[in-house]
Amino acid sequence: MALLTIDNAELAFGLQPLLDRASLTVQDGERIGLIGRNGTGKSSLLNVIAGHGVLDDGEIRRADGLHVVMVEQEPVLPEADSLRASLTVRGRLDDIHDERQRWRTEARLIEYLHRFSLDDARPPQTASGGERKRAALALALAMQPDLLLLDEPTNHLDIAGITLLEDLLLKGTLRSAIVITHDRAFLDRVVTRIVELDRGLLRSYPGNFAAYEARKADQLAEEEKANRRFDKFWAQEEVWIRKGIQARRTRNEGRVRRLETLRVERAARRERIGHVKLALDAGERSGKLVAELNDVCKSYDGMPLIRNLSLRILRGDRIGLIGANGAGKSTLIRIILGELAPDSGDVRRGTNLEIAYFDQMREQLDPERTLADTISPGSEWVETADGRKHVLSYLGDFLFPPQRAQAKVKMLSGGERNRLLLARLFARPANVLVLDEPTNDLDIESLELLEDTLQAYRGTLLLVSHDRAFLDNVVTQTLAAEGGGRWKEYVGGYSDWLAQRTAPAVAPAGKAAPSKSITRAAVPARVKFSFREQRELEQLPNELEALEQEQVELAARMSGADYHRQGAAQLKADRERAAAIEKLLAEKFERWSLLDEKAGAAGA
């Protein structure tokens with residue numbers, strides 16, 4: 001059943017139409033991922049579907065009684081004494097006339113608030129951006145809409161919050177949703193169809209984001225080929241019309257009219273938005289040691305964020321920091337950079353460090369300065385990894401047209417501020433790059449280009465991110481907050497951390513087998529110990545040693561500075577092998593302990 005149908009929609013702000021005779025049908029049970037470049041009109045389309053805006057032309061038809069709920073990028077919570085009271089106002093729950101239905105909705109709201117780890121008695125005025133987002137999501141899910149609209153729901157959420165939202169969308173009572181997000185892992189896990197808003201049109205691709213990527217590349221190649229054929233034919237016709245008097249005497253009017261049509265079609269063609277052009281200069285090499293922390297501790301209001309952390313960061317390391325909101329990731333970054341002193345412990349920094357710091361709050365941007373002055377104060381030129389560039393040309397590389405060079409920073413959107421901060425960071429050499437949530441507000445194409453740039457970067461990288469795919473594609477080591485101020489380092493990216501932290505505990509390489517006190521079914525006092533079991537027991541130490549050696553060698557290779565160049569297939573194979581080794585070690589240690597106990601009981 002169709003929940004909603006859009007026919008020949010037109011919507012425009014400024015020169016280019018956001019919707020240009022666009023059409024879309026949303027079926028019951030679909031979870032649609034709405035993607036597209038920043039500024040193409042995704043949020044405007046969602047507002048129209050929610051009834052918060054109207055089309056300039058075209059038609060939108062909704063099923064009778066369709067209940068639509070939207071969670072915007074930055075939810076606004078009405079002032080109230082408690083979060084629960086604020087959400088009651090936001091959701092107009094008091095307007096529900098059926099008392100039983102209202103009671104059930106309020107009960108679900110309390111349940112979802114608790115699942116998102118929120119205190120329903122807390123005043124909304126004291127809530128952070130992430131807490132406001134989680135509260136709005138809790139309300140939306142509690143209202144059980146026929147169609148849920150989510151605009152960048154993963155912004156401000158930590159990884160635990162993102163995975164919880166995924167689970168609720170997949171396993172809850174929600175049937176249909178349209179989601180705007182740049183989180184590729186979220187799209188791969190949750191959505192059943194991708195709809196791309198591209199140059200005013202809505203193009204549909206069945207399946208998740210991975211399926212879309214495979215089909216999109218072929219489609220763009222075909223589009224480019226068709227455009228080349230069109231341009232070649234058009235050029236031939238223009239040559240013909242400009243021939244001399246003799247040719248003009250013989251030209252036919254039908255061909256002239258066809259040429260006029262070709263000119264109109266070519267003028268109306270909308271080219272794809274250009275790509276951000278990123279180039280990062282690592283400058284002079286730093287010393288081998290970038291930073292060393294010894295027994296560092298840091299607390300706020302009696303809550304430990306960092307407890308007895310010892311860590312060495314060497315030149316070329318690519319470390320991803322992950323943890324819940326408030327776990328202390330940004331605090332740890334500031335301690336490493338020397339911007340914040342620890343409560344106790346020692347911090348030693350290396351030599352010849354040139355640091356570029358991307359702050360998630362974008363505090364480095366002065367809202368009153370112009371774009372040009374932000375990039376190159378007092379000069380019209382920028383020295384980049386590709387050579388000297390005029391500031392207007394350099395801003396153009398980050399999709400800022402020349403006419404906006406004198407605009408003030410305060411006029412930019414969130415995504416534009418992110419691009420400007422990246423432009424400022426990349427305008428100067430840096431051998432240590434610190435990125436604190438750089439992916440927020442970036443569209444998927446810009447995000448993937450940033451990945452490629454960081455993969456080719458030769459310096460040291462410290463990255464704080466909740467984007468799981470981005471972490472997997474960029475970092476080679478993960479530093480995870482594990483609660484109570486404890487931090488632990490893992491080899492690889494997010495997927496590797498997930499596999500290692502959920503793997504069964506095994507004895508460290510080079511250590512003795514587990515003690516015989518491991519809980520298991522009691523071994524009979526008098527048992528038979530076969531010759532085959534005796535041989536297996538004798539061979540197990542060598543097998544364990546071989547596996548441990550392979551594990552050490554694999555970990556060393558995966559933590560190498562150039563490991564990311566091995567290619568996606570090799571990276572995947574290594575991750576799978578690392579997980580398999582962990583499992584084999586656990587099984588063989590368990591088998592060794594069991595056989596050893598059985599041999600003792602048999603008197604072997």
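What share of the contacts in the chain with a separation of 6 or more is accounted for by residues 24 or more positions apart? The figure is 69%. Good morning. I shall use that figure as an entry point to this structure, which is a predicted model.

Let me begin with the chain as a whole. There are 604 residues, and 45% of them count as buried. The chain contains 18 helices and 20 strands. Its accessible surface comes to about 30000 Å², and carbon and sulfur atoms contribute 49% of that area.

I turn now to one strand, β3, which covers residues 31–35. Is β3 largely enclosed or open, and why? Five of its five residues are buried, so the strand is largely enclosed by the rest of the structure. As background, side chains in a regular strand alternate between the two faces of the sheet. In β3, Arg31, Gly33 and Ile35 lie on one side, while Ile32 and Leu34 lie on the other, and all of these residues are buried. Both faces of the strand are therefore covered, in keeping with its enclosure.

Which strands does β3 pair with? One partner is β7, residues 177–180, joined to β3 by four bridges in a parallel arrangement. Within that pairing, Leu34 stands opposite Ile180 of β7. Another partner is β8, residues 193–198, which also runs parallel to β3 and is joined to it by four bridges. There, Gly33 has Ile194 as its bridge partner. In general, the strands of a sheet pair through backbone hydrogen bonds, either parallel or antiparallel.

Further along the chain, we come to an open sheet of six strands. Their order is β14-β17-β18-β12-β19-β20, and the pairing is mixed. The edge strands are β14, residues 355–358, and β20, residues 487–491, each of which pairs on one side only. On average, neighbouring strands of this sheet are turned by 15° against each other, direction ignored. At the β14 edge, the pairing with β17, residues 432–436, is parallel and runs over four bridges. Tyr357 stands opposite Val434 of β17.

Next, the helices. Two packed helices are described by the angle between their axes and the distance between the axes. Our example is α3 with α4, the latter being residues 129–142; their axes come within 8 Å and cross at roughly 145°. The crossing is right-handed. Which residues meet there? From α3 there are Thr105, Arg108, Leu109, Tyr112 and Leu113, and from α4 there are Ala135, Ala138, Leu139, Leu141 and Ala142. These contact residues divide into eight nonpolar, one polar and one charged.

Finally, I draw your attention to two residues in loops. Most residues other than glycine have a negative phi. Arg92 is not a glycine, yet its phi is positive, at about 50°. Arg92 belongs to the loop between α2, residues 83–90, and α3, residues 99–115. Is Arg92 buried or exposed? With a relative accessible area of 61%, Arg92 lies above the 50% cut-off and therefore counts as exposed.

His156 likewise has a positive phi, about 75°, although it is not a glycine. His156 is found in the loop between β6, residues 147–151, and α5, residues 159–171. Its relative accessible area is 31%, so His156 is partly exposed.

To close, let me return to the strand we examined in detail: β3 is largely enclosed, because five of its five residues are buried. Thank you for your attention.

Note on methods
Residues are numbered from 1 along each chain as its sequence is written. This is a predicted model: local features need pLDDT of at least 70, side-chain atom pairs count only at pLDDT 80 or more; totals for chains, interfaces and linings use all residues. Side-chain values use heavy atoms; hydrogens and water are left out. Buried means under 20% relative accessible area, exposed over 50%, partly exposed in between (1.4 Å probe, protein chains only). Two strands pair if DSSP finds at least two bridges between them. Axes are lines fitted to C-alpha atoms, for helices over the stretch in contact, and angles run from 0 to 180 degrees between N-to-C directions. A crossing is left-handed if the near helix is turned anticlockwise from the far one by less than a right angle, and right-handed if clockwise. Contact means heavy atoms within 4.5 Å. Ala, Val, Leu, Ile, Met, Phe, Trp, Tyr, Cys and Pro count as nonpolar, Asp, Glu, Lys and Arg as charged, and the others, Gly among them, as polar. Accessible areas come from the Shrake-Rupley method with a 1.4 Å probe; for residues, only the protein chains shown count as cover.
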